[in-house]
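Work through the exercises below with the model open. Each task is followed by a stepwise solution.

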Amino acid sequence: MNNPLVQPDPGLYIWTIVTFVVLVLLLRKFAWRPLLEALDRREKLIVGAVDDAHKAKAEFDRAKQEASQVVVQARREADAILARTRADSERLRAEAHAKAAEEAAGILRNGERRIQQETTKAILQLRREAVDLSMAIASKLLRHNITKEDNEQLIKEVVDHLDDTRH
């Protein structure tokens, strides 16, 4: 059992150690430094991304709060517009009601004036008929011809008498 691979060889140890040290030095110079630099860059990039994410979150929160304030302000303005609209509606309704009442009063006044005119016409017509009737009665009673002046005097007396009895 003399296997040369299993037996210790001091020269092999030395060459293995030298090879290992050279390999470590080469790796350190050509692999670990660039690898560490790449890891540092990556770490800085990640830290920057995290900072950007925090800034973006803060900006989002601020924008969300502003949007909430805008919504609250819009609701206030909408409520104010509704209140003004209701007030304007109430005012217009009151104006329309007042105008309708005024028109109704005007129509009532016109109706009363027309009734008064018609009443006056009717009274005048009745007076004329009363005068005519009085003349007919008087002429039958007198059975003679009355002159035009007597007729006018008689009409005037009857009209005056009717005015006195009316008032």
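**Exercise 1.** Is Asp-88 buried, partly exposed or exposed?

*Solution.* The model is predicted. Take the relative accessible area of Asp-88, which is 37%. Buried means under 20%, and exposed means over 50%. Asp-88 is therefore partly exposed.

**Exercise 2.** Find the salt-bridge partner of Asp-88, then place the pair in the fold.

*Solution.* Step one: the side chain of Asp-88 meets that of Arg-91 in a salt bridge, 3.8 Å from N to O. The cut-off is 4 Å, so this distance qualifies. Step two: both residues lie in helix α1, three residues apart, about one turn of the helix. Step three: Arg-91 has 41% relative accessibility and counts as partly exposed.

**Exercise 3.** Which residue forms a salt bridge with Arg-91 at 3.1 Å?

*Solution.* Glu-95 does, with the closest N and O atoms 3.1 Å apart. Arg-91 and Glu-95 are about one helical turn apart, because they sit four residues apart in helix α1. Glu-95 is partly exposed at 42% relative accessibility. Shared partners also matter elsewhere: salt bridges join Glu-59, Arg-62 and Glu-66 into one network.

**Exercise 4.** Analyse the pair Asp-61 and Lys-57 in the same way.

*Solution.* Start with the contact: Asp-61 forms a salt bridge with Lys-57, the closest N and O atoms being 3.3 Å apart. Next, the spacing: the two are four residues apart in helix α1 (residues 10-142), so about one helical turn separates them. Last, exposure: Asp-61 is partly exposed, at 36% relative accessibility.

**Exercise 5.** How many salt bridges does the structure hold?

*Solution.* The count is seven.

Terms used
Residues are numbered from 1 along each chain as its sequence is written. This is a predicted model: local features need pLDDT of at least 70, side-chain atom pairs count only at pLDDT 80 or more; totals for chains, interfaces and linings use all residues. Side-chain values use heavy atoms; hydrogens and water are left out. Buried means under 20% relative accessible area, exposed over 50%, partly exposed in between (1.4 Å probe, protein chains only).
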